[in-house]
Amino acid sequence: MNLLITILAGGTGSIKLVRGLYKQFKNISVISNVADNFWYYGLYICPDIDTIIYGLSGNLDKKKGWGIKGDTFYFRNYMREVGIEFWFNLGDKDLTTHVLRTHMLKSGSSLTQTTSKIAEIYNVSIPIVPSSDNHFETNMITGSRKRVHLQEYWIQHKASLPLIDIVYRNIRTARPTQECVKLLKASELIVFAPGNPVSSIGPIIGIPGMKKLLHDLKKKVVMVSPFISNNAISGPSAIYMKAKKLDPSLGGLAEYYSKFVGTMIFDNKDQNEVETNVKPRFPDIKFEYTDILMSNSKKEIALAKYITCNFR
């Protein structure tokens, strides 16, 4: 196996870097978060896996950050028209992916096998590997102590419920896939994409056995910050970190990843603060700086080139 770069990815915050690396360096693999997977009207939905596959195949709706570009929503709309509650936005083309995946799973295939098949259908030639074949979920603990799935909390409730904690339900019984472990050990470089630390990268790290493995591989692990000037580049990273009683700042981010990451990449704007207030606390970690804001495809590729040229 000669896979040189493996990216840990999840959510809309990750696909930009994955896409940049894919466009200029094909010898990569992706380990995807699975904790936002859920069953919905008998279909098994894998939002992060699908975002990666759609993104790399050129089918992603970039404006939304999810789903298939140009998709229609006749199925969803008709469900609502006949009086059935339907809060998740399943597009008609997107529905094909979920039907196929569910059929394969119910026929005995693993999530790894179904993901490989779907990637093949979309002509994505690199390995897209679920971090686990076991089902576990990111659940939001609301002010009333009710557990709500991440997707339900964010989409149905529009993050309006008071949030007091976030847990990974059933993660203790999950295990990393053999493919996941093999890829990490074989890779020359492991990259933590700038996804949400709690809901995208955290569930991957939290799978039993992963923390020790990543700690052992720490010297070849690089993290790209999802923060610039102590603010999340996109999404609810700061909100989720606060719910987990984590400091939503550059220093808090460094603390969160310090046991698993050998090099941390922050934005040029943050060099002074990191050098002054963060770096002295973590003498065994290398800190590097570049433009990490991927606002267009050229900047996606530029950041990818920076990583492949400087850390391999």
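**Exercise 1. Two loop residues with positive phi**

Task: Is Tyr-41 buried, partly exposed or exposed, and how does Lys-158 count?

Solution. Tyr-41 has a relative accessibility of 47%, so it counts as partly exposed, given that this class lies between the limits of 20% and 50%. The structure is a predicted model. Tyr-41 is located in the loop between strand 3 and strand 4 (43-45). Its phi is positive, about 50°, although Tyr-41 is not a glycine.

Lys-158 belongs to the loop between helix 6 (150-156) and strand 8 (163-169). Lys-158 is likewise not a glycine and has a positive phi of about 55°. With 66% relative accessibility, Lys-158 counts as exposed.

**Exercise 2. The protein as a whole**

Task: How does the radius of gyration of the protein stand against the globule rule for 312 residues?

Solution. Begin with the inventory: the protein contains 13 helices and 14 strands. Its radius of gyration is 19 Å, close to the 20 Å that the globule rule gives for 312 residues, so the protein is as compact as a globular protein of that length. Along the principal axes, the C-alpha atoms fill a box of roughly 60 × 45 × 40 Å.

Next, take burial and contact range. Of the 312 residues, 55% are buried. Considering contacts between residues at least 6 apart in sequence, 67% join residues at least 24 apart.

**Exercise 3. Helix 11 and its two partners**

Task: At what angles does helix 11 pack against helix 8 and against helix 12, and which residues make the contacts?

Solution. Step one is the pair with helix 8. Helix 8 (residues 197-206) and helix 11 (residues 250-257) pack at about 15°, and their axes are 12 Å apart. An angle under 35 degrees counts as roughly parallel, and helix 8 and helix 11 are therefore roughly parallel to each other. Their crossing is right-handed. Helix 8 contributes Pro-197, Val-198, Ile-201, Gly-202 and Ile-205 to the contact, and helix 11 contributes Leu-253, Tyr-256 and Tyr-257. Sorted by class, this contact of helix 8 with helix 11 holds 7 nonpolar residues, 1 polar residue and no charged residues.

Step two is the pair with helix 12. Helix 11 and helix 12 (residues 271-278) pack at about 60°, with axes 10 Å apart. That angle makes helix 11 oblique to helix 12. The crossing of helix 11 with helix 12 is right-handed. On the helix 11 side the contact involves Leu-250, Gly-251 and Ala-254, which meet Glu-273, Val-274 and Val-278 of helix 12. The residues of the contact between helix 11 and helix 12 comprise 4 nonpolar, 1 polar and 1 charged.

Step three is burial. Helix 11 has 6 of its 8 residues buried, so it is largely enclosed by the rest of the structure. The buried residues in helix 11 are Leu-250, Gly-251, Gly-252, Leu-253, Ala-254 and Tyr-257.

**Exercise 4. Two residues of helix 4**

Task: Are Thr-97 and Arg-101 buried or exposed, and which residues outside their sequence neighbourhood do Thr-97 and Arg-101 contact?

Solution. Thr-97 is placed in helix 4 (residues 92-106). Its relative accessibility is 4%, so Thr-97 counts as buried. Beyond neighbours within four places in sequence, Thr-97 contacts Asp-50, Tyr-54, Ile-118 and Tyr-122.

Arg-101 is also in helix 4. Arg-101 is buried, at 1% relative accessible area. With neighbours within four places in sequence set aside, the contacts of Arg-101 are Tyr-44, Ile-45, Cys-46, Ile-49, Asp-50, Leu-111, Thr-114 and Ile-118. Asp-50 and Ile-118 appear in the contact lists of both Thr-97 and Arg-101.

**Exercise 5. A strand residue and a loop residue**

Task: Where do Val-221 and Ala-35 lie, and what do Val-221 and Ala-35 touch?

Solution. Val-221 is part of strand 10 (residues 221-224). At 0% relative accessibility, Val-221 counts as buried. Apart from residues up to four places away in sequence, Val-221 touches Ile-190, Phe-192, Leu-214, Phe-260, Val-261, Gly-262 and Thr-263. Val-221 and Ile-118 are 103 residues apart along the chain, with 28 Å between their C-alpha atoms.

Ala-35 sits in the loop between strand 2 (28-32) and strand 3 (38-40). Ala-35 counts as buried, with a relative accessibility of 0%. Leaving out residues up to four places away in sequence, Ala-35 touches Phe-136, Glu-137, Thr-138, His-149 and Pro-203.

Definitions and conventions:
Residues numbered from 1 in each chain as written. Predicted model: local features only at pLDDT ≥ 70, side-chain atom pairs only at ≥ 80, totals over all residues. Heavy atoms only, no water. Axes fitted to C-alpha atoms, helices over the stretch in contact; angles between N-to-C directions. Helix = DSSP H or I, 4+ residues; strand = E, 2+ residues; numbered from the N terminus. Parallel < 35°, antiparallel > 145°, perpendicular 65-115°, else oblique. Left-handed = near helix turned anticlockwise from the far one by under 90°. Contact = heavy atoms within 4.5 Å. Nonpolar A, V, L, I, M, F, W, Y, C, P; charged D, E, K, R; others polar. Buried < 20%, exposed > 50% of the residue type's maximum accessible area, 1.4 Å probe, protein only. Rg over C-alpha atoms; globule rule 2.2 N^0.38 Å.
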